[in-house]
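User: Please take a close look at one part of this model and explain, step by step, how it is joined to its surroundings. I am a first-year student, so longer explanations are welcome.

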Amino acid sequence: MKRLFYSDGKPFFTIGGQARNSSSQSAEMMKKVWRAVEAMGLNTLAAPVYWEMLEPEEGVFDYTQIDLLLDGARAHGVKLVILWFGTWKNGASQYVPAWVKTQPERFVWAESIQHNLVRSLSPHCMETREADKKAYCKMMQYLKDAGAEDVLLGVQAENEPGILGTPRDYSETGEAAFRSEVPGRIMEWLRAAAECPVKEIWRENGSRTGGIWREVFGFHAEETCTAYALAAYINDIAGAGKEIYDIPVYVNVWLGEMYNRVPGLDYPSGGAVSRMVDMWKYLSGNIDAICPDVYFADYRTYFDIVKQYSREDNILYIPESSANHMNAMNTLNAMAEYGLSGIHFFGVDDAVTNDGVLREDYREYRGLVSVLTAMKPMIEAYQGTDRFFVVTQYEGSASQYLDFGDFCGRAVHYLPDGDYRWEPHRGTDTYHRDDSGTFRKLAKGIIVYLGEGEFYMAGEGFSLNLLRKASVREMTGGVLASQFQNGRHQRYLKVEEGHFDDRGQYVADRIRTGDECDTGVWMDADIGVVHLKIQM
């Protein structure tokens, strides 16, 4: 399976969080971030480096912020992803240095159709591109010279780039670009490209062999022109950086599936939204992945989005998301169905109080982190194969059927029907309760079946019942015919609780037997990884 990040030459699945935008400016503010990383059990932190702090005066560079992040990651034993807040952050240009902001004659700001300035620099301005590229390359050179490869996984080039406030730049610079001929490389690509939204737009406007942007793309001309400029701009910067330090680089996306879906108003125009992602991929060969920031919770919208970015030519990685129970379920299913290669949730600082205590509303997502952490070696070895299974509980679900080939599996959820009210549950033993005696865990987990009756699994909120696929006569007769009896007559060779060590080897910590297995193999996050071997 394709991965975005590697560590020591091996695939690395990120279980991470992203610091809030202003948190990486000082060691004092980072204290809470590191407490949250520890409390959540994360293996990766994503944090920004600001152009305005790196180059406070033109040509004068200060690497204090980079040192702060590298030293902190090393001290806390986690990996680091650096977010370059250069020309764009959320469709605006708030993190550029003051010397850029105060020289509009050099660094052109985008204008609306009424010729009001918006707070986004124009992607058509070569002066800005060259200045950003110089600063970005200085950062990459410093990272290389500092030997950052021990903790640094990769870099995000810009942040949710695009123009917010207008569908394109209507300044003189922008007008010149928009009224120019569509570049030949785009026309060539349109003729040869597979079916995609941009090609469909081209066909709807007559499949012209040339012309200015309005003639070729009609209603979508503003967004397409801006996307072309942005992709070329960021690809140039990423390529220059890779010549210095060749590490993974990705671009994140403020999604187009927002509100009325109008570019420049509901999302930054020109970003690699699902409508523009094919053209972006063609134009951005120096960028390793285009990554959606997914905050949508409902299942259908979430998967409508991720399938647009899980492609043969693009690794699915989600750099921003929410730390809630729905994202926990969606993450697991995206791993199983779409090859999700890593996850970060935004605002890790908020997960803890000022004293570093984990907040109550992060406990559900903390359960996901526990599962991913426990099974990380199995994820990196078996995700994307037919041996990899997930358990997820959505509203209305009381159990989940799993087909392991030579076994039928049923994950029985402790929380009946996904009842999110979390009322006290009666009639069960203490293994399935938290300290308050109230069920607070939706079923979630990962199961790897190696075949020949051998399973590894981690999770919480469910028990796994197995039925060997023998003859129909055996499956329907005798003690196996009763669910109650089936649980008490399983041919277990071993059931043990344990963990994977630093070399990825399984270590058994506790043997489980007797009535601890009679009603299925129950799972809770604090028991680590269950290794099960059953006689065929």
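Analyst: A good place to begin is Tyr250, whose bridge partner in S10 is Ala289. The model is a predicted one, in which local features need pLDDT of at least 70 and side-chain atom pairs count only at pLDDT 80 or more, while totals for chains, interfaces and linings use all residues. Residues are numbered from 1 along each chain as its sequence is written, and side-chain values use heavy atoms, with hydrogens and water left out.

Tyr250 belongs to strand S9, which covers residues 249-254 and runs parallel to S10, to which it is joined by five bridges. Strands here are DSSP runs of type E with at least two residues, helices are runs of type H or I with at least four, both numbered from the N terminus, and two strands pair if DSSP finds at least two bridges between them. Further along this pairing, Trp254 stands opposite Asp293 in S10.

On the way from S9 to S10, helix H11 (residues 277-283) comes into play, since S9, H11 and S10 make a right-handed β-α-β unit (right-handed: with the strands pointing away from the viewer, the path from the first strand over the helix to the second runs clockwise).

S9 also pairs with strand S8 (residues 152-159), again in the parallel sense, over two bridges. There, Val155 has Val249 of S9 as its bridge partner.

These pairings belong to an open sheet of seven strands with parallel pairing, arranged in the order S10-S9-S8-S5-S4-S3-S11. Strands S10 (289-293) and S11 (342-346) stand at its edges with a single partner strand each, so one side of each is left without a neighbour in the sheet. S9 sits between S10 and S8 in that order, and five of its six residues are buried, so S9 is largely enclosed by the rest of the structure (buried: under 20% relative accessible area; exposed: over 50%; partly exposed: in between; 1.4 Å probe, protein chains only).

For contrast, the structure also holds an open sheet of four strands with antiparallel pairing, in the order S13-S14-S17-S20. Its edges are strand S13 (399-403) and strand S20 (521-523), each with a single partner strand, so one side of each has no neighbour in the sheet. Strand S17 (residues 462-468) pairs with S20 in the antiparallel sense over three bridges, and within S20 it is Trp522 that serves as the bridge partner of Ser463.
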